[in-house]
Amino acid sequence: MKENKKLIYLDSMATTPVDKRVFEFMTPYFLENYGNADSVDHDMGLRAKEAVKTAKKEISSLVNAFNSEIIFTSGATESINMALKGFVKRLLRIKPSAATEKIKIGVSPVEHKAVLNVLESLNEDNLIELHIFNCDDKGRLYLEEIESYCSKSPHLICVMAVNNETGNIYPVKEISEIAKKHNVKYFCDATQAAGKIPFEFSNWGIDAACISAHKMYGPKGSGALIFNKDFLIDPIIEGGAQQKGFRAGTLNIPGIVGLGKACFYSETEMAEDAKKMIELKTHLKKRLCENIGDIVFTGDDENQISSCLYFAVPGIINKAIIARVRNKLCISTGSACNSGLETPSHVLKAMNLPEEIIEGALRISFMKDTTIEDIDTSANIIAKAVHEMKRLV
Ligand code: PLP
């Protein structure tokens, strides 16, 4: 993970490298055991099928689900499309009156664009009635508002487990209990939670959730949708009968093996990693405060994952800092899906933060192998850029 000596990579929430141990488990499935898991008239196919079974066990162990609840996809975005569009498609098919009554879906305003854009496009197509919850200036949701919405018998609510910009942890168990009480289905985007904090799909009574391998040292292009037997969906990718017809297409065996092993190592090392991340975060906060002074940390610092720090220096535009540090540091202005665009963060906008904080927001997310020295160097580089900028304004 340390090959790129010149750059300090602190953007693990955008993506992570593949853990070498995971990579070694994957390689035989490219080169030797390249069978198709659905072509089992020979040993090569059977080996692929066995590998899928093992991966399902590793995933279900990490997220507390049943093997039968897991469908492999190309990542969280596809899983989200499959869950949300599939849910609406199925309801419209079995209950055509839903087209006139409208399928009601409530969503948090801080969801990833993969969730918000899918729901907004279903809304624009007049297939659903979308309700967007509120949040406070720390990005916290109001559980009484969610409860009040659920009491009006909507069909589905969507609230993520961990936010990809602020690192906020949402009270998934409580939200799930509210949904259950009112007989409302609950979809939870667990992409940034799985492998970092405990996530208990079955015990917490969640109906559907998604995960992605590349956020936990597995390969890109591999993820899963986890859904229980009561979350009814129609497939959106049709073709062969793979994966019980829910997602047609030949299984990506190396990707699935990679996802499974990424889950395995995350589960085994989660507690130890979390301890180290707390140290790194405390140290970085201290160094930034000492070196910069007027720094504002955003999000809910009492309920935040320890591998992420989101902050701004009021009056200093994030892009200007990025431009000054980019040849030494990999940090970001927020969501990887937004950072190529000139649009301000919808998460910070929903939090109603002042313009100068929104325009200054920077996200640092640590890696498993980030060291205290990396943090010291990074804090110095950022502080130097900030002071240069301050001299200019
Ligand atoms: N949901 C969240 C919370 C994310 O952070 C991401 C990726 O940034 C996604 C969904 C999309 O994941 P993928 O890249 O696997 O499609």
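**Salt bridges, domain interface and ligand surroundings**

The structure holds 20 salt bridges. The model in which they are found is a predicted one. One of these pairs deserves a closer look: K89 is bridged to E238, and the closest N and O atoms of the two are 3.6 Å apart. This salt bridge links distant parts of the chain, since its partners are 149 residues apart. K89 belongs to helix 4, which covers residues 76-94, while E238 sits in the loop between strand 8 (223-227) and helix 9 (253-292).

We can turn next to the domains. The domain assignment of the protein divides it into domain 1, made of the segments 8-17 and 270-392, and domain 2, made of residues 20-265. Between the C-alpha centres of domain 1 and domain 2 there is a distance of 28 Å. Domain 1 brings 29 residues to the contact, and domain 2 brings 32 residues.

The size of an interface is often given as the accessible area lost when the parts come together. Here, domain 1 and domain 2 bury about 2,700 Å² between them, and carbon and sulfur atoms give 55% of this area. On the side of domain 1, M270, I305 and H346 stand out: they supply 22% of the area that this domain buries against domain 2, more than any other three residues.

What kinds of polar pairing cross this interface? The rule finds zero salt bridges across the interface of domain 1 and domain 2. Polar contacts, in contrast, are present, with 17 residue pairs found across the interface, both residues of each pair being at pLDDT 80 or more. Among the elements of domain 1, strand 10 (308-312) and helix 11 (346-350) each supply at least two residues of the side that touches domain 2. Helix 11 gives the largest share of that side, three residues. Sorted by class, the side of domain 1 that touches domain 2 has 14 nonpolar residues, 11 polar ones and four charged ones.

The ligand completes the picture. It is surrounded by 13 residues, of which T77, D189, Q192, S212 and K215 are the closest. Several N or O atoms of the protein pair with oxygen atoms of the ligand. In the side chain of S212, an N or O atom is 2.6 Å from a ligand oxygen. For A76, a backbone N or O atom lies 2.9 Å from an oxygen atom of the ligand. The side chain of H112 also takes part, with an N or O atom 3.3 Å from a ligand oxygen.

Terms used. Residues numbered from 1 in each chain as written. Predicted model: local features only at pLDDT ≥ 70, side-chain atom pairs only at ≥ 80, totals over all residues. Heavy atoms only, no water. Domains from an automatic or database assignment. Contact = heavy atoms within 4.5 Å. Buried area = accessible area lost by both parts, 1.4 Å probe. Salt bridge = Lys/Arg side-chain N within 4 Å of Asp/Glu carboxyl O. Polar contact = N/O pair within 3.5 Å; in protein donor to acceptor, adjacent residues only side chain to side chain. Helix = DSSP H or I, 4+ residues; strand = E, 2+ residues; numbered from the N terminus. Nonpolar A, V, L, I, M, F, W, Y, C, P; charged D, E, K, R; others polar. Near = heavy atom within 4 Å.
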